[in-house]
Amino acid sequence: MVHREAKGVKIIRLPDSWAARIAAGEVVERPASVVKELVENSLDAGAKEISVWVEGGGVSLVRVGDDGDGIAAEELPLAVERHATSKLADEADLWRISTLGFRGEALPSIGSVSKLEILSRARNAEAGCRLRVDGGKAGEPLAAGCSVGTTVEVRELFFNTPARRKFMKSPATELSHICDAINRAALSYREVHFRLYNQRSLVCDYPGGVAPHDRLRQVLGREIAEGMGKFAWNKGELIIGGFLSKAPSSFSGTRYLTAYVNRRFVRDRVLTHAILQGYETLLMKGRYPAVVLYLELPFKDVDVNVHPAKHEVRFRRQSDIHEAVAEAVREGLRNEAKSPTVLIPSMGREPCGTVGEPAASYGVEPWAGGAPVQRIEFTRPLEESPLACGGFFSSLEVLGQLLGCYLICSSPRGLAVIDQHAAHERVAFERMRRRLSNGEIERQNLLISQVLELPAGEAALFEQRLELLDRVGFSVEKFGRDSYVIRTAPALLPAGDYREALRRMIVEVAEIGESESLREGLEDRLATIACHSVIRAHRKLEKEEIRALLTELDRIDFATQCPHGRPVLIELSEAQLERMFRRT
Ligand code: ADP
Ligand code: MG
């Protein structure tokens, strides 16, 4: 206190206009945030047609027009006041939010950093009403002629916050963020017709009321959408569904991982982690799937009041959600795998699209060990094998073995090449996984005990997981305040230093909490490491061994990828061979 006075520092109350601009900073980060907020208001108003016009990347103009319920003339001044909303009736509503908005912040925030105009006519009103807000100063509402619905026009965004304006990127970049915002809404509100005009020309046009896969195609483009299959899962009040890319089709970032909770687009570590865990061992390191996940649960079980931008949520039963999502994805993939999609070489490039997270990725690395994984560039599934699974591998006619590593086969469609090493790995992996999940774990005593020292925060987490580790064969005991000694490891693991691997696992799952899928994830990793030490490539296989391998491949769920996501099978169809030999 003395110190403050000595420096002449006093506490002052900020003028309302400053406070408004500070608060606006959290809601309005860039033009796309304006689009997101206005589109959400239109959706909350039950609109079926939403049109967005932008100019200058949204900095010069964002206009959003809808055919929703509109705002009554006498309420228009309230709509632009801070903390004024029609979406909460009593305090308890805050714990069961069913609308996209509820904080009563978007319009006042946008109005405080731009020149805003609202034109609206309520459904049962004779005429409309217009209201201007200029840098936070609201004018008088004026009668105006218009049709039912609302149009909000935002000009000169950040004109009075030049520091923020300097952060704007090129109009093209801002436009792409705006597309993202519209695409995210469009994937969740299929019944709505969305249009986006840039500099008066139509750039997105997504008619409403279409089939789910059609909306997916509209938004993600034909190529990505065709590579995705539908999945659905539910348990009690939890309903999970959506689309997932069939392994091995994958992308270099998490851009195409999109998740919705009760129709709200969210960025959530728990969901991302659970989705990737569902894919575990089906994708190569550093590769990510395309997934659109819709999660529905009772409103009271999820808190959306975490951040003003409302992109974050907290689940009341986080580990249950994690487990359910991982299981839903795994089951969806298992169903997809029943009609194997095989890798067919092509020279296509990864298409670019506009939805989901920016490329910054949340990587889940293979846990430890493992030989370097060969990357396959420019390969992706193009055609799906029409052969239903029923003994696909056993139906192959083996023509011979090449380079001590590839099985060359004739398939009913053409030529099939099997990477014997990858196939062995998948089979061994499945065997290991089965043994682990049946609790058939042998332990090896460590000759030299390994002591793991952890920072206090991690130690607390680690301590909670000792039982889980014990179930998979690691006996770990406390040894001093924040140190632990590893006494045994699962016998199926090669000898080595397990400390870093254990630590990484604990940190990675720090936020997920204990769950069944956590144990499965751990088992997957152990099996991956284990099978690596067992398999040798470049060995001539006897005929019986080949037949046994093919039969085994037919018995397991994910036979088309090795546990590191490398393909087991590459197929060239007759049509492709003909194309390659220029016969067509
Ligand atoms: P919130 O959406 O959190 O309620 P906003 O500041 O975004 O807060 O909007 C304030 C209020 O203005 C809303 O609660 C709603 O009643 C009204 N409103 C805003 N946009 C629209 C719209 N497009 N159609 C109908 N009402 C709207
Ligand atoms: Mg709102």
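**View 1. Leu14 sits partly exposed on a nonpolar patch.** In this predicted model, Leu14 has a relative accessibility of 37%, so it counts as partly exposed, since that class runs between 20% and 50%. You'll find Leu14 in the loop that links helix H1 (2–7) with helix H2 (16–27). Leu14 joins Ile12, Trp18 and Ile22 in making a nonpolar surface patch of about 430 Å².

**View 2. Ser42 is tucked away in helix H3.** Look for Ser42 in the helix that covers residues 31–44. Its relative accessible area is 2%, and buried means under 20%, so Ser42 is buried. Who keeps Ser42 company? Setting aside the residues within four places in sequence, Ser42 is in contact with Ala47, Ile50, Val64 and Asp66.

**View 3. Ile118 is buried in strand S3.** The strand here spans residues 115–121, and Ile118 is part of it. With 0% relative accessibility, Ile118 counts as buried. What does Ile118 touch, once neighbours within four places in sequence are left out? The contacts are Leu76, Val80, Leu107, Cys129, Arg130, Leu131, Thr150, Thr151 and Val152. Take Arg130 from that list: Arg130 and Ile118 are 12 residues apart along the chain, and their C-alpha atoms are 5.6 Å apart in space.

**View 4. His177 meets residues from far back in the sequence.** His177 belongs to helix H7, which runs over residues 171–188. Is His177 buried, partly exposed or exposed? At 27% relative accessibility, His177 counts as partly exposed. Not counting residues up to four places away in sequence, His177 touches Arg30 and Ala32. Lys36 is worth finding too: Lys36 and His177 are 141 residues apart in sequence, yet 9.9 Å apart in space, C-alpha to C-alpha.

**View 5. Two residues other than glycine, Asn262 and Arg582, have a positive phi.** Asn262 isn't a glycine, but its phi is about 45°. Asn262 is placed in the loop between strand S12 (257–261) and strand S13 (264–266). Its relative accessible area is 17%, so Asn262 is buried. Now move along to Arg582, in the segment after helix H18 (574–580). Phi of Arg582 is near 55°. What about its surroundings: buried or exposed? Arg582 is exposed, with a relative accessible area of 70%.

**View 6. Strand S21 pairs with S20 and also with S25.** Start with strand S20 (residues 406–411), which pairs with strand S21 (residues 414–419) in the antiparallel sense. How many bridges do S20 and S21 share? There are 6 of them. Ser410 stands opposite Leu415 in S21. The link from S20 to S21 is a hairpin, made through 2 residues. S21 also runs antiparallel to strand S25 (residues 569–573), with 5 bridges joining the two. Here Gly414 has Ser573 in S25 as its bridge partner.

**View 7. Three strands make an open sheet in the order S22-S24-S23.** A bit of background helps here: strands of a sheet pair through backbone hydrogen bonds, in either a parallel or an antiparallel way. In this sheet of 3 strands the pairing is antiparallel. Strands S22 (443–453) and S23 (475–478) are the edge strands, since each pairs on one side only. From one strand to the next, the twist averages 20°. Helix H13 (residues 456–464) packs on the sheet and touches S22, S23 and S24. The direction of H13 makes about 40° with that of S24.

**View 8. A closer look at the pairs that S24 makes with S22 and S23.** On the S22 side, S24 (residues 483–490) pairs in the antiparallel sense over 7 bridges. One residue pair to pick out is Leu452 and its bridge partner in S24, Tyr484. On the S23 side, 4 bridges join S23 to S24, again running antiparallel. Which residue of S24 is the bridge partner of Ser475? That is Thr488. S23 and S24 form a hairpin with 4 residues between them. In the turn, Gly480 has a positive phi of about 85°.

Notes: Residues numbered from 1 in each chain as written. Chains lettered and ligands numbered in written order. Predicted model: local features only at pLDDT ≥ 70, side-chain atom pairs only at ≥ 80, totals over all residues. Heavy atoms only, no water. Patch = residues over 30% accessible without salt bridge, like charges linked within 9 Å, V, L, I, M, F, W, Y side chains within 5 Å. Areas by Shrake-Rupley, 256 points an atom, 1.4 Å probe, with all protein chains shown as cover. Salt bridge = Lys/Arg side-chain N within 4 Å of Asp/Glu carboxyl O. Buried < 20%, exposed > 50% of the residue type's maximum accessible area, 1.4 Å probe, protein only. Pairing = 2+ DSSP bridges. Axes fitted to C-alpha atoms, helices over the stretch in contact; angles between N-to-C directions. Contact = heavy atoms within 4.5 Å.
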